[in-house]
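Here's a quick tour of charges, greasy spots and backbone oddities. Have the structure open while you read.

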Amino acid sequence: MNVVYLDNNATTKVDRAVLEAMLPYFEEQYGNPSSMHTFGGSVGEAIETARQQVADLIGANADEIIFNSCGTESDNTAIQATLASYPDKRHIITSRVEHPAIKSLYESLAKDGYRVTFVPVDGDGNLDLDYFYDHLSEDTAVVSLMWANNETGVLFPIEELSRNVKERGIAFHTDAVQAAGKIPIDVNHTGVDLLSLSGHKLHGPKGVGVLYIRKGTKFSPFMIGGHQEKGRRGGTENTASLVGLGKAAELAREHLERGDMECVRELRDKLENNLMDQVSHTLLNGNRENRLPNTTSIAFEYVEGESILLMLNEHGICASSGSACTSGSLEPSHVLRAMGVPFTAAHGSIRFSLSGYTTEDEVDFVIEKVPPIIERLRQMSPFWQEAVEKMQSA
Ligand SMILES: Cc1ncc(COP(=O)(O)O)c(C=O)c1O
């Protein structure tokens with residue numbers, strides 16, 4: 001059975017050119033970049049090329065880029081390193097819809113005695129700006145806001161927010177893990193001090209991340225060890241993956257410049273419009289205009305997302321639901337809850353996330369398969385029967 005992979009916000013396929021760039025660093029150029037001999041030294045040069053390629057994707061200087069193991073490590077490092085640099089400040093801010101890499105960290109910092117503000121969002125997933133600005137204070141050590149939401153694709157106005165926060169002398173971190181490679185990012189147009197990326201979201205390998213640290217930003221290393229990354233992150237470099245990430249960043253930049261994401265947007269819109277036209281009682285989760293071009297989160301009311309996923313899986317279609325398994329029961333995700341998506345809709349929410357590899361034939365296949373699946377599940381759903389009875393008696 002062919003796989004139709006529409007779960008690219010979870011992870012992406014490694015591009016063939018990325019894999020080919022990586023392979024020599026397993027068998028031939030396996031030296032340690034810290035070694036004194038030329039054999040190791042040449043590997044160090046490859047890492048510096050990768051650093052430049054990543055820097056070019058976001059308009060940074062190469063020496064503002066540090067490599068690490070994943071987006072989660074980048075997020076944790078950004079926050080912990082900033083807090084260590086401002087030991088007297090005890091207040092931190094984020095939003096209610098962050099990825100667990102920030103959400104759980106902030107919850108844990110709250111237990112450690114930090115005063116934490118989780119800024120709400122509206123029904124479309126837009127940040128409550130008044131609430132945000134009202135809660136900034138002299139005591140705020142760091143603001144962390146995601147550039148693009150992983151579930152809905154909704155974008156926060158990071159350029160404007162970070163400039164305003166910077167004017168107040170507060171450190172600003174953004175989790176750009178989902179944004180990178182999908183929309184243009186230029187750190188020079190922002191007041192962002194720290195920015196996180198992850199290799200496996202942009203057709204690079206898993207287990208490799210990036211933290212951008214603007215020149216002059218106070219930073220106390222989180223991972224202490226050897227002198228790698230100029231003492232900012234200890235640990236022998238994951239050479240092959242760094243080379244792969246560099247190549248992936250270069251390709252992502254070329255694709256953005258060529259306008260490839262517009263084709264992805266057209267396919268996403270075709271999928272979304274057709275499903276929402278053909279299936280009754282559907283809702284779009286998140287702001288329709290202001291979001292990533294590859295993501296759609298559609299609520300199919302009165303059915304369970306997990307059942308939809310299982311039936312899609314029978315056709316080889318990969319997507320994600322808007323629920324998470326919490327203590328054995330399926331709960332709507334914190335993102336959909338924060339947006340106030342009604343229970344009956346949040347439970348039946350499915351995220352389709354496309355990539356440059358997605359074809360029109362695949363989208364047509366999904367458009368053909370989804371409506372009868374929802375129809376079948378609704379026939380079995382007591383919530384649907386109840387809703388139909390209410391509609392008939394109204
Ligand atoms: C917005 C966001 N931040 C952080 C992460 C974590 O990245 P990683 O899987 O590289 O740790 C993810 C992964 O899904 C994400 O979507």
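## A negative patch

Let's start on the surface, keeping in mind that this is a predicted model. Asp122, Asp124, Asp128, Asp130 and Asp134 come together there as a patch of negative charge. Take Asp134 as one of them: helix H6, residues 129–135, is where it sits. With a relative accessible area of 63%, Asp134 is exposed, because anything over 50% earns that label.

## Salt bridges inside helices

Now for charges that do find a partner. Side chains of opposite charge can pair when their charged atoms come close. Across the whole structure, a search turns up 17 salt bridges.

One of these joins Glu48 and Arg51, at 2.8 Å from N to O. Both belong to helix H3 (residues 38–58), and they are three residues apart, so about one helical turn separates them. How buried or exposed are the two partners, Glu48 and Arg51? Glu48 is partly exposed at 41% relative accessible area, whereas Arg51 is buried, with 8% relative accessibility. The pair also belongs to a bigger picture: Glu48, Arg51 and Glu229 are linked in a salt-bridge network.

Helix H5 (residues 100–111) holds another pair, Glu107 and Lys103, set four residues apart, or about one turn of the helix. Their closest N and O atoms are 3.2 Å apart, which makes a salt bridge. Glu107 counts as partly exposed at 34% relative accessibility, and Lys103 is partly exposed too, at 23%.

## A bridge across the sequence

Which residue does Asp193 meet in a salt bridge? The partner is Lys166, with 2.7 Å between N and O. Asp193 is in the loop between strand S6 (171–175) and strand S7 (194–198), while Lys166 is part of helix H7 (residues 158–167), so this contact ties together parts that lie 27 residues apart in sequence.

The burial of the two ends is worth a look. Asp193 counts as buried, at 5% relative accessibility. Lys166 is partly exposed, with a relative accessible area of 37%.

## Cysteines without a bond

A disulfide is a covalent bond between the sulfur atoms of two cysteines. How many disulfides does a search of the whole structure find? The count is zero. As for individual cysteines, Cys70 is partly exposed at 26% relative accessible area, and Cys318 is partly exposed at 21% relative accessibility.

## A greasy patch

The surface has a nonpolar patch as well, made of Val14, Leu19, Leu23 and Phe26. Together these residues offer about 330 Å² of accessible area. Leu19 comes from helix H1, which covers residues 16–22. Its relative accessible area is 31%, and Leu19 is therefore partly exposed.

## Two backbone oddities

Most residues other than glycine have a negative phi, and most peptide bonds are trans. His203 goes the other way on phi: the angle is positive, about 65 degrees, though the residue is not a glycine. You'll find His203 in the loop between S7 and strand S8 (209–213). At 18% relative accessibility, His203 counts as buried, because the cut-off is under 20%.

Tyr302 has a positive phi too, near 70 degrees, and is likewise not a glycine. Its loop runs between strand S10 (295–300) and helix H10 (305–314). Tyr302 is buried, with a relative accessible area of 18%.

Notes:
Residues numbered from 1 in each chain as written. Predicted model: local features only at pLDDT ≥ 70, side-chain atom pairs only at ≥ 80, totals over all residues. Heavy atoms only, no water. Patch = residues over 30% accessible without salt bridge, like charges linked within 9 Å, V, L, I, M, F, W, Y side chains within 5 Å. Areas by Shrake-Rupley, 256 points an atom, 1.4 Å probe, with all protein chains shown as cover. Salt bridge = Lys/Arg side-chain N within 4 Å of Asp/Glu carboxyl O. Lys, Arg positive; Asp, Glu negative; His and termini not counted. Charge placed at Lys NZ, Arg CZ, Asp CG, Glu CD. Helix = DSSP H or I, 4+ residues; strand = E, 2+ residues; numbered from the N terminus. Buried < 20%, exposed > 50% of the residue type's maximum accessible area, 1.4 Å probe, protein only. Disulfide = S-S within 2.5 Å.
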